[in-house]
Amino acid sequence: MKNLLLFLLKNYFIFLFLFLEGISFLLFFQYNDFQKSAFVGATRSATSFLQDNFSGFRSYFHLRIENDMLSYENARLRNELTRLGSTELKPGLVVDTVSRIAYEYIPSRVITSSVNRQYNYLTVNKGRKQGIYPDMAAISESGAVGIVIAVSDNYSTLIPIVNRNFRLSARLKKNKFFGIIEWEGRSPEFVSFKEIPVHIEIEPGDSVVTSGFSAVFPEGIMVGTVESVNNTGGNFHEIKVKLSTDYRTLYHVNLIRFSFKTELEELENRTKND
Amino acid sequence: MIRIYIRNILRFFAVILIQVLLLDNIQLGGYLNPYFYVIFIVLLPFETPKWFLLCLAFLLGLSVDLFNGTPGMHAAATVFMALVRPFVLNNFSPRDGYEAGTFPRIHYYGIEWFAKYTLILVLAHHFFLFFLEIFSFSDLFFTLGKIILSTILTSLIIVLSQFFIYRK
């Protein structure tokens with residue numbers, strides 16, 4: 001016993017090292033993906049207050065691009081307005097008062113984001129008090145961004161497409177064949193588009209949009225354009241897609257509230273239980 | 001003596017804030033992110049007890065983890081770096097050992113010594129960190145490239161920072 005104690009004491013450095021590494025690894029592996037997002041959510045609410053106050057100067061890095069995008073968006077909306085204004089409502093037309101607006105957009109600002117890790121996250125400055133709940137979709141002016149995974153009172157954490165845990169059901173715009181968008185953990189500009197069979201003709205430049213199969217993303221939101229197509233002899237194409245959203249300059253995102261979400265989920269659950 | 005404690009405590013918080021508020025927001029080419037916060041371990045006094053070194057490294061790593069949402073990842077890498085430090089210091093020590101009252105800084109031991117010492121510690125940290133993050137050997141060359149480039153960048157920033165915030 002004495003010898004054992006002496007041995008431990010003599011090599012305490014290495015044992016303390018192993019002990020601390022043990023704790024670190026336990027933390028690292030104990031959190032599976034879901035718990036990890038909960039951890040992120042819980043700690044983010046504490047840390048994002050601090051980061052929110054510092055994100056002001058971050059915004060200066062992207063002012064120019066942001067301006068261009070806003071003026072572009074402005075022009076697009078102005079066009080829409082004139083188009084709507086010119087369509088006359090005929091008197092006596094029955095107005096449908098039953099259906100509500102299915103999708104509602106809530107603008108928010110990115111406080112923190114990362115693109116160079118394997119598991120990237122975004123934090124935005126809208127939370128539970130502003131009506132944000134988990135599983136809401138987020139889009140930018142240029143396309144799909146990610147999904148809300150955790151909310152605190154005033155902030156929420158998003159899992160972007162550029163996270164290794166992210167999967168998105170998407171389809172080709174031209175012929176509606178659908179597949180899965182996945183990020184391989186390399187450049188934040190490119191993702192791979194999987195499960196498109198080889199007999200489908202696909203060319204660089206084709207648009208990829210969301211499929212709308214889940215109740216999260218509305219249908220037809222831009223994801224990106226096909227950059228290159230490879231065939232390695234398998235049953236599926238190997239497609240590289242250039243994302244339309246540039247995560248490195250992302251500053252404004254719109255969160256999408258889907259009004260019929262509970263209704264749709266209830267319906268799906270009913271059929272699942274049978 | 002008290003001044004050394006206070007200086008290191010302040011540095012502990014300063015490097016975390018610099019890391020999470022500034023450096024984590026600046027993305028260079030999308031691939032690189034300098035993990036400057038390890039400078040805290042680099043600059044600790046020679047006389048720091050080994051057990052204390054490990055505990056400090058663990059705390060430092062865990063604090064960065066809290067901000068990044070990666071429980072345990074930075075902690076594991078920083079503790080590994082702290083393990084390596086005494087061995088590196090032993091190997092690089094001048095013929096008659098480190099003088100009392102000196103610190104591991106350019107001012108005392110020269111830029112060549114400091115650069116070598118920093119490079120090896122940072123390499124140990126980044127090697128551990130990036131393999132833990134990717135957690136596979138499938139993209140070996142991609143990971144190695146990332147490790148080497150990031151190590152050079154982090155070390156460069158640490159060495160340069162010595163010229164900007166220079167105090168005896």
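Q: Where in chain A is K176(A) found?
A: In this predicted model, K176(A) belongs to the loop between β6 (167–172) and β7 of chain A.

Q: What should I look for in its backbone, and what is the phi of K176(A)?
A: Start with the general idea: most residues other than glycine have a negative phi. Now the case here: K176(A) is not a glycine, yet its phi is positive, at about 65 degrees.

Q: Is K176(A) buried or exposed?
A: Count the C-beta atoms around it. A residue with 12 or fewer others within 10 Å is called exposed. K176(A) has 9 of them, so it is exposed.

Q: And what about E195(A): what phi does it have, though it is not a glycine?
A: About 70 degrees, and positive. E195(A) sits in the loop between β8 and β9 (207–210) of chain A. With 14 other C-beta atoms within 10 Å, E195(A) counts as partly exposed.

Q: Let's move to the strands. How do β7 and β8 of chain A pair up?
A: For pairing, look at the bridges and at the direction of the two strands. Strand β7 (residues 178–182) and strand β8 (residues 190–194) of chain A run antiparallel, joined by three bridges. To see the register, find I181(A), which stands opposite F193(A) in β8(A).

Q: In what order do the six strands of the barrel in chain A come?
A: Go round it as β6-β7-β8-β11-β10-β9, with antiparallel pairing, and the barrel closes. On average, and ignoring direction, neighbouring strands of this sheet are turned by 40 degrees against each other.

Q: How many helices and strands does chain A have, then?
A: Five helices and twelve strands. Of its 274 residues, 32% count as buried.

Q: What share of the contacts in chain A comes from residues 24 or more positions apart?
A: Here you compare sequence separation with contact in space. Taking contacts with a separation of 6 or more, 61% are between residues at least 24 positions apart. For a single pair to look at, try I65(A) and T249(A): they are 184 residues apart in sequence, but their C-alpha atoms are 7.7 Å apart in space. I65(A) lies in helix α4 (residues 63–86) of chain A and is partly exposed, with 14 C-beta neighbours inside 10 Å.

Q: Now helix packing. At what angle do helix α4 and helix α5 of chain B pack?
A: Read two things, the angle and the distance between axes. Helix α4 (residues 73–92) and helix α5 (residues 106–134) of chain B pack at about 150 degrees, their axes 9 Å apart. Angles over 145 degrees count as roughly antiparallel, so that is how α4(B) and α5(B) are arranged. Their crossing is right-handed. Among the residues making the contact are F80(B), V84(B) and V88(B) of α4(B), along with Y117(B), L121(B) and F128(B) of α5(B). By class, the contact of α4(B) with α5(B) has 16 nonpolar, three polar and three charged residues.

Q: Which helix of chain B does α2 of chain A come within 9 Å of, axis to axis?
A: That's helix α3 (residues 50–68) of chain B, which helix α2 (residues 12–30) of chain A crosses at roughly 15 degrees. The two are therefore roughly parallel. As with the other pair, check the hand: α2(A) passes α3(B) in a right-handed crossing.

Q: Which residues of α2(A) and α3(B) meet?
A: From α2(A) you have Y12(A), F13(A), L16(A), F17(A) and L20(A); from α3(B), K50(B), W51(B), L54(B) and F58(B). Sorted by class, this contact of α2(A) with α3(B) has eight nonpolar residues, one charged and no polar.

Terms used
Residues numbered from 1 in each chain as written. Chains lettered and ligands numbered in written order. Predicted model: local features only at pLDDT ≥ 70, side-chain atom pairs only at ≥ 80, totals over all residues. Axes fitted to C-alpha atoms, helices over the stretch in contact; angles between N-to-C directions. Helix = DSSP H or I, 4+ residues; strand = E, 2+ residues; numbered from the N terminus. Parallel < 35°, antiparallel > 145°, perpendicular 65-115°, else oblique. Left-handed = near helix turned anticlockwise from the far one by under 90°. Contact = placed C-beta atoms within 7 Å. Nonpolar A, V, L, I, M, F, W, Y, C, P; charged D, E, K, R; others polar. Pairing = 2+ DSSP bridges. Buried ≥ 20, exposed ≤ 12 C-beta atoms within 10 Å, placed from the backbone.
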